[in-house]
Amino acid sequence: MIPAEFDYAAPRSLDEAVRLLSGTEGAKVLGGGMSLIPALKHRLSAAPLLVDLGRIAGLDQIALSGGRIRIGGRATHAAVMTHPALASMHAFAEAGELLADPQVRNRGTLGGSLVHADPAADWPAVFLALGGEATLVSAKGTRNVAADDFFESLMTSAVQEGEILSEVSFPAPTPRTGTAYSKLRQLASGFAIVGVAVWVRAERTGVIDDVRVGVTGVNSVPFRARSLEDRLRGKAVSGPALRAFCAEIAEADPMSDLHASAEYRRHLLGVFAARTIERAIARAQQA
Amino acid sequence: MALKPVMVGERIKRREDPRLIRGMATYTDDVKLHGLLHAAFVRSDHAAGRIVKIDATRAKAHPGVVAVFSFDDLRGQVGASPCTAILPGMKHVPHPLLADGEVRYAGQPVAVVIAKDKYVARDAALDVEVEIDSRQAVVDVEAALQAGAPLVYEQLGTNLAVHLPIAHPETERLFAEAHGTVSLRLVNQRVAPVPMEGRAVVAHWEDGPQQLTVWTSTQTPHGCKQQIAICLGIPELRIRVIAPEVGGGFGQKIPTYGEECLLPWISKKLRRPVKWAETRTENLAASAHGRGHVSQVEAAYDKDGKILALRGQTIAELGAYASMLGPAIPTFTHLLAAGPYTIQAVSWDIKVVYTHTMATDAYRGAGRPEAAYNIERAMDAVAAKLGLDRVEIRKRNLIPVGSFPYQAPTGAIYDSGNYQACLEKGLAKFDYAGAVVARDRARAEGKLAGIGIATFTEICGLGPSTGTAPPARAGTWESAELRVEPTGAVTVMTGASPHGQGQETAFAQMVGDAFGIDIDNVNVVHGDTDRVTHGVGTFGSRGLVVGGTAVHMAAQKVLAKAKRIAAHLLDTTEERVNVESGVFSVVGGARKLTFADVASAAHTWGVAIPGEEPGLEAVARFEPTGTTFPFGVHFCTVSIDKETGQLALERFVCVDDVGNIINPLLADGQRLGGIIQGLGQAMCEEVRYDESGQLMTATFMDYAMPRAAMFPRIEMDSTCTPSPLNPLGAKGIGELGTIGSTPCIVSAVIDALSPLGITHVDMPLKSEKLWRLIQGAAR
Amino acid sequence: MKIRLTLNGEAQEADVAPRTLLVHFLREDAGLTGTHIGCETSLCGACTVHVDGKAVKSCTMFAVQADGSDVRTIEGMGEADALHPVQKGFWEEHGLQCGYCTPGMIMATSALLAENASPTDAQIRHALEGNICRCTGYQQIVNAVQHAARILREGK
């Protein structure tokens, strides 16, 4: 499996990258390459020019500033899941551990995963649940897109041609919040048959003040289970009661494929949502 | 010479490994030759259809493209993909090296591009325009037998390649007299062998010496040489086939494939060496698959749970054409149908059927895993009917100690065994009673927990050669040649062609012991038809049983001559020469000669030995008089997540008996690899085509391979009942693990689900399937 | 395109097409055929090498991306008379059969042990998620990794 020919540029700055990108119609951004390179090899994708973000200094940084956790667009999965600034937000480490394998995590990036918008990728669920925001840079300027507005359709994110995702940011953890991620892995690829990320703020008593549930693997587009979130707010539920709450999630419009039917995905969503919420609440209570 | 510790039976680490762990081994794709060209195949996107047009104009325009060939270029110049198992009465159409007007499976080679660079070859292959007028395909093997089904070969008028109704005269009577019967429909799904190295070929025709050299990733270099000779009309004398380092085979690399014949033809045509290494997608689509049986299995039993007779029907997927051994594989399913049990009669009706899918052939176990699966499932079903413990019913049915050689109603003759001892050892190691208590406790807590059991035997080291006929050019024997150097170092040339099994080590242990020499003074050569003149290969767990026996025989011949030479040198008679660990002495005398002394004398010939020729070497071929029957028992425990259907394998215990073991380290490796491969089929693996014949599992994104984290540490032990059929007492171990582990875990899953009233599940045991069963039971 | 990299400790310069995959550069241009290709979808790990000390899959990386990097392949792990501890572990414990996945397994293992000197069996199995072996059933690989870890910890 060999890609078609392309030109390659490795700019040293974001400005230069943006300029290169806008200068060639159909040019694509090369991040970690874990999705793009296989697509190029299988000739499912092609580009006259690849603009490699790998040599832009600072684009892989992870830091806490201005009350937000800021993750550079080129930060790898491995860096995200092990970074001390993210240690208290368990969803990052949990999603990372369940994502692909160590070698892929050493190359692939959180930003690239979001831009690619694979319906079975892990980070979109975390991005949604943890209230992330993406910074997109282009020749026209910079704009921020909230996670809720980021995923548009199958394999399509808000990132337009000519734009580069330079940063993903999340609100820094606050007291009494907890996060979690869990997933049923597709046996062959390791992608999510269902993946659920949860952010919750809860009282010591277990009463849910606020909650966000991000879901991947189920619909053709990652989504927030808002109907579930609405029903959970102000309640203290666990066990079978919580499971019952999660049984019907209005937003679910599951895919059916070789690896799981829509019916099974719908069912799993309920199971995994309940289990993940329970874990996140327990963390919030201890936080 | 100091006495060496006996190497046979020791855990000696492998001599193959230094090159492999340093990345210094040469696999076929590592072969580089001056002027090497690269081939890329254009393969059919359709499962069935007529080729309307092949236009290579755009492909040929790529700079660096040397040629593009399709069937029209080959017509009349080459034969077909070989099949050496054309059964009597079989409807067979030879399979062309490139599609001849019709395509019959997705992935079938239609054209081939030859270029100076592999990137260019790939680019150009994508620019070969192939227009196919597609037809309706038939993928499902049962549907293929229905009237009006699309035909893979119109000219045959049917998809039924061959029907083998094998009836035992007592079956119907025993069924009529039975206390009860069970009937199960069992699907042994199609899987892909997936050696980590795909197939690869380098062909080099040298026009000066008129010599063809082919490097190919094969289990059978000699067979490959013979079949290339037949296909291309090149004398075997002019062909050298080299199986260099081979990255696994599992049966998939037994057949000689079209590409192995086509690349030599291209090299001869272009007078340049040419290479092709398949992609994983090509491997999954166009290298032989395994299994693919749908069976109806009926068992008749008496009131004590003794199985009296079996009646089976198997519909076996042959695929779109008859691969090398493909049609014969289901016959082993009949031969082993009775398993390790005293069943009086077995009738089996086998239909081997064409579909628009890749051909099937031998895959680790080749027909015997299917047989073991059938009988083990039937045994569990009878136990359930009678409310008998699954161990108890096996105890009642196992062939008694002292009954060997045992003739099964299928005609198979079991060489030796002590099934009861193996079972008892397994029960103790597993702590069956304790496992039952633990399972019942888990159940009481509302969990789905199960125990699996499989007692099994199998068939290894196939032989004798009786009935083998052209186009095959070799029977079931194996060859060995030993050449002793003047220093006493020994080169062993074996016709077995190992590809991971470790025979370079095992054979060196044997030869080292035979002559009392250091293992480093033994060099084992294989996989080169110019160095090893005759041979058959490594498959069917025959490497040691047949190939090793040939080595043993050659060593005995060398030793006999060495003894005669020593007698002369020691001024005594042959009868008075004592040989122990390579030291030759006169009985009661002080004079001693080492093996090296004798080897030196044999070469220098400074003292002529009357009646002997100079030199010390021997050739031997071992022709097995029968097949060996290793056996074993597997136990496991599983749990199933009630809510998701996810299966967890918690414990797996294997106690088996493969006769004498040359190197327990290698034996463990074979056992473990086999067990996981069997569990892979049971837990996750499955080749899937859609209704139109498109392969849906064409990459590892969709074909689920077993991975490390799916398994607990396998616990192992063994018993030893030597085979009387070969001087090593060995039985073969390559496939054993695969044969027992599959039914064992299915047994455990059904046991786990049995409190819900569930009695059946087909493989693979994927979570959705189990969840659906659980859901269905809850309703 | 011109690239410069350190390959198994030696500075190298090469001229490669942008689309040249790192694995092809290593195998075809640099002549290091110990790195194998097993799947092309970054799922089997046979092509695992180290780039700047991290285990990566060289079938899913372009050679131009390795410009300026320190690349280590199986050939750079140990010599015949001075094997790397991980190579020793695989040899001692029969952690390989056909050997095709082995270079990738060894590279993945050495990366694991650099991060975790005393992994549990479960951690080893999890860390080898990206490496498929069809021969061994993994158990002797787990033993090999434990053996290597012991050598690295205890110096023997």
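Helices (at least four residues) and strands (at least two) are DSSP runs, numbered from the N terminus. With that in hand, the loops of this predicted model can be placed. Pro405(B) sits in the loop that runs between helix 11 (390–397) and strand 18 (406–407) of chain B. The peptide bond leading into Pro405(B) from Phe404(B) is cis, and its omega is near -5°. Another cis bond joins Met763(B) to Pro764(B), this time with omega near -10°. Pro764(B) belongs to the loop between helix 18 (736–753) and helix 19 of chain B.

Two other loop residues of chain B catch the eye for their phi angles. Asp431(B), which is not a glycine, has a positive phi near 55°. Its spot is the loop between helix 12 (419–430) and helix 13 (432–444) of chain B. Because 14 other C-beta atoms lie within 10 Å, a number between the limits of 12 for exposed and 20 for buried, Asp431(B) is partly exposed. Ser581(B), again a residue other than glycine, has a positive phi near 45°, and is found in the loop between strand 24 (577–580) and strand 25 (583–586) of chain B. Ser581(B) has 17 C-beta neighbours inside 10 Å, so it also counts as partly exposed.

Now for the inside. The largest nonpolar core holds 415 residues, and Val113(B), Val511(B) and Val749(B) have the most contacts within it. Helix 15 (residues 543–569) of chain B is the top contributor to this core, giving 13 residues. Leaving aside residues up to four places away in sequence, Val511(B) touches Leu482(B), Val490(B), Val492(B), Val522(B), Val551(B) and Ala555(B).

Next come the places where chains meet. Between chains C and B, 42 residues of chain C are in contact with 41 residues of chain B. On the chain C side, helix 2 (85–92) is one of the elements giving two or more residues, and helix 2 gives the most, with four. By class, this side of chain C has 18 nonpolar, 17 polar and seven charged residues. The contact between chains B and A takes 17 residues from chain B and 14 from chain A. Helix 4 of chain B gives the most to its side, with four residues.

Helix 5 of chain C deserves a closer look. Its 16 residues should span 22 Å at 1.5 Å a residue, and the end C-alpha atoms are indeed 22 Å apart. Buried residues in helix 5 of chain C include Ile141(C), Val142(C) and His147(C). The buried residues of this helix pack against helix 17 (664–683) and strand 30 (714–719) of chain B, along with helix 2, helix 3 and helix 4 of chain C. Just past the helix, Gly155(C) takes a positive phi of about 70°.

Definitions and conventions: Residues are numbered from 1 along each chain as its sequence is written. Chains are lettered from A and ligands numbered from 1 in the order in which they are written. This is a predicted model: local features need pLDDT of at least 70, side-chain atom pairs count only at pLDDT 80 or more; totals for chains, interfaces and linings use all residues. Two residues are in contact if their C-beta atoms, placed from the backbone, lie within 7 Å. Ala, Val, Leu, Ile, Met, Phe, Trp, Tyr, Cys and Pro count as nonpolar, Asp, Glu, Lys and Arg as charged, and the others, Gly among them, as polar. A nonpolar core is a set of buried Ala, Val, Leu, Ile, Met, Phe, Trp, Tyr and Cys residues joined through C-beta atoms within 7 Å. The expected span of a helix is 1.5 Å times one less than its number of residues.
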